[in-house]
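Please open the model in a viewer and keep the sequence panel at hand. The tour below proposes a series of selections and states what is found at each.

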Amino acid sequence: MSNKTTAFPEGFLWGGATAANQLEGAYRSDGKGLSVADAMPGGKQRFQILGSDTFNWEIDEDKFIYPNHRGIDHYHRFKEDIALFAQMGFKCYRFSIAWARIFPKGDEATPNEAGLKFYDQVIDECLKHGIEPVITISHYEMPLHLAKEYGGWKNRKMIDFFEKYATVVLTRYGKKVNYWMTFNEINSAFHFPALSQGMVKATGAGDYQNIFQAWHNQFVASAKAVKIGHEINPDMQIGCMIIYATTYSIDANPINQMATLAQNQEFNFYCTDAQVRGEYPAYQQRMFDKYGVSDLEIGADDLELMKQYSVDYIGFSYYMSSAVNETAEEEDTVIGNLLGGVRNPFLEASEWGWQIDPEGLRIALNELYDRYQKPLFIVENGLGAIDKVDENFYVEDDYRIDYLRRHIEAMSDAINDGVDLMGYTPWGCIDLVSASTGEMSKRYGFIYVDLDDNGEGTMNRYEKKSFNWYKQVIETNGSDLN
């Protein structure tokens, strides 16, 4: 990697990212309904349980895992948290709106005013500190009623429910908030539709027909949100949001090269092609043949909507890369952000086994920009680790600083390559509940929150070493990473 540093463009959006279901808590306060996130079990077996044949959305509230629903009590402490973000110098703050705070069941005729007022306060608090809100409309927390009653996004009725929800929030906040994203990590459904599509095997997640139909319905809903947003505020920027995992072939064998191409198309590009180019890619039929998908239910105006109201920019998460080996009889596999692969011998891994690849981020930025020529926004990136505190609750997290420094250097190199990069919001800028385990021990933040996996702790906030390091990065617009 180049040692050369580059002044990031003027107005570059440095900040941090969170999600409502992982930090707000107050899961039944002020009229909020239950979401699919509220129904997910906690613990390291979360994904295995959700992916089982027996799991359904019928839950016993008395058996809820405590940290899932208390979060870090951001609902009552958002002013304190945003003040800490301002102290670091955040130019923007990416957060999400909890759909079930606005429409508790999802199919009501009128929204919940108390929920709307909460986000009025959060947005105003950001603006008071000169922080640009970047809002995800749906981040892994659709109302539980919609998953149970309608079967999630495979049901076309979801388009109307989302359109009503998007209309309410875009109308309410659209004059104050310039940056939006529709669906968080929409392509995650390829491997795990429970999070973004609200489907488990009991409601059709085991059938790719349902996953692709759900995607189509989400693409149409996203296009409608873009249309609504641009009519409210022509300067509003509405993006898509995907997981991006730079994908390598393990060697030069053409079989592995073809498998790598296919994985890139299926995971990294399919959803983005539909939302950015506004049309389905030529390789779609090959995917349908491979996964047993027949013709989708497509409305008369759907394709025109998708084409006319494609997104303005591409938001994406980048945590790790992936390697493909179709020719090996036995593979040494690794895990990752919903996407694993074979072990890459050239990379180290985090405590959770996610392979660390800063140069892969530079490759990702070039691949996305070369393909789409739309502005890019890294809205998640970071190192999940077990942080050890001293007697003063101080965390000397040089490992996190090193991880972030190397990825920011890769961003700088990509800007030198000609990539149009809007901003950078590292994930979990304050410690929050893990989406993959429902626990607190996997920490990403610049701010330590005194809370453990059992829900015990004061909830007090403490600055880590990385807090002041990131403050310096922002002050110097990325030119001082030491």
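The tour goes from the whole chain to the barrel, then to the aromatic pairs, and ends at individual residues.

**The whole protein**

Begin with the complete chain, bearing in mind that this is a predicted model. Displayed as a cartoon, the protein has 16 helices and 16 strands. Its radius of gyration is 21 Å, close to the 23 Å that the globule rule gives for 482 residues, so the protein is as compact as a globular protein of that length. Along the principal axes, the C-alpha atoms fill a box of roughly 60 × 55 × 45 Å.

Switch next to a surface display. The accessible surface amounts to about 17900 Å², and carbon and sulfur atoms contribute 47% of it. Of the 482 residues, 61% count as buried. Among contacts with a separation of 6 or more, 76% involve residues 24 or more positions apart.

**The barrel**

Return to the cartoon and select strands β1, β2, β3, β4, β5, β7, β13 and β14. In that order, these eight strands close into a barrel with parallel pairing. From one strand to the next, the twist averages 30°.

Now restrict the selection to β3, residues 132–138. How many residues of β3 are buried? Six of its seven residues are, so the strand is largely enclosed by the rest of the structure.

Add the partners of β3 on either side:

- Strand β2, residues 92–96, pairs with β3 in the parallel sense over five bridges. Select Cys 92 to find one bridge position: its partner in β3 is Glu 132.
- Strand β4, residues 179–183, runs parallel to β3 and is joined to it by four bridges. Here Ile 135 has Trp 180 in β4 as its bridge partner.

**Aromatic pairs**

Show the side chains of Phe, Tyr and Trp. Across the whole structure there are 42 aromatic pairs.

Centre the view on Tyr 244 and Phe 316. Their rings form an edge-to-face pair, 6.2 Å from centre to centre and with 70° between the planes. Tyr 244 lies in the loop between β5 (237–243) and β6 (247–249), whereas Phe 316 belongs to strand β7 (residues 313–317), so the pair ties together parts that are 72 residues apart in sequence. Both Tyr 244 and Phe 316 are buried.

Stay on β7 and select Tyr 313 together with Phe 377. The ring centres of Tyr 313 and Phe 377 are 6.0 Å apart and the planes stand at 45°, so this pair is tilted. Tyr 313 is in strand β7 and Phe 377 in strand β13 (residues 376–380), so the pair connects parts that are 64 residues apart in sequence. Tyr 313 is buried, with a relative accessible area of 0%. Phe 377 also counts as buried, at 0% relative accessibility.

For a wider view, select Phe 8, Phe 12, Trp 14, Phe 85, Phe 90, Tyr 93, Phe 95, Tyr 424, Phe 446, Trp 469 and Tyr 470. Ring pairs link these residues into a cluster.

**Two residues with positive phi**

The next two stops concern the backbone. Most residues other than glycine have a negative phi.

Select Asp 30 first. Although Asp 30 is not a glycine, its phi is positive, at about 55°. The residue is found in the loop between α1 (20–23) and α2 (46–50). Asp 30 counts as partly exposed, at 46% relative accessibility.

Then move to Glu 185, a residue other than glycine whose phi has a positive value near 40°. Glu 185 lies in the loop between β4 and α9 (193–197). Is Glu 185 buried or exposed? Its relative accessibility is 3%, so Glu 185 counts as buried.

**Last stop: Gln 257**

Finish by selecting Gln 257, which lies in helix α11 (residues 254–277). Gln 257 counts as partly exposed, with 40% relative accessibility. Leaving aside residues up to four places away in sequence, Gln 257 touches Ser 249, Asp 251 and Ala 252. To close, draw a distance between the C-alpha atoms of Gln 257 and Val 324: the separation is 8.3 Å, for residues 67 apart along the chain.

Technical notes
Residues numbered from 1 in each chain as written. Predicted model: local features only at pLDDT ≥ 70, side-chain atom pairs only at ≥ 80, totals over all residues. Heavy atoms only, no water. Pairing = 2+ DSSP bridges. Helix = DSSP H or I, 4+ residues; strand = E, 2+ residues; numbered from the N terminus. Axes fitted to C-alpha atoms, helices over the stretch in contact; angles between N-to-C directions. Rg over C-alpha atoms; globule rule 2.2 N^0.38 Å. Buried < 20%, exposed > 50% of the residue type's maximum accessible area, 1.4 Å probe, protein only. Contact = heavy atoms within 4.5 Å. Areas by Shrake-Rupley, 256 points an atom, 1.4 Å probe, with all protein chains shown as cover. Phe/Tyr/Trp six-rings, centres within 6.5 Å; stacked < 30°, edge-to-face > 60°.
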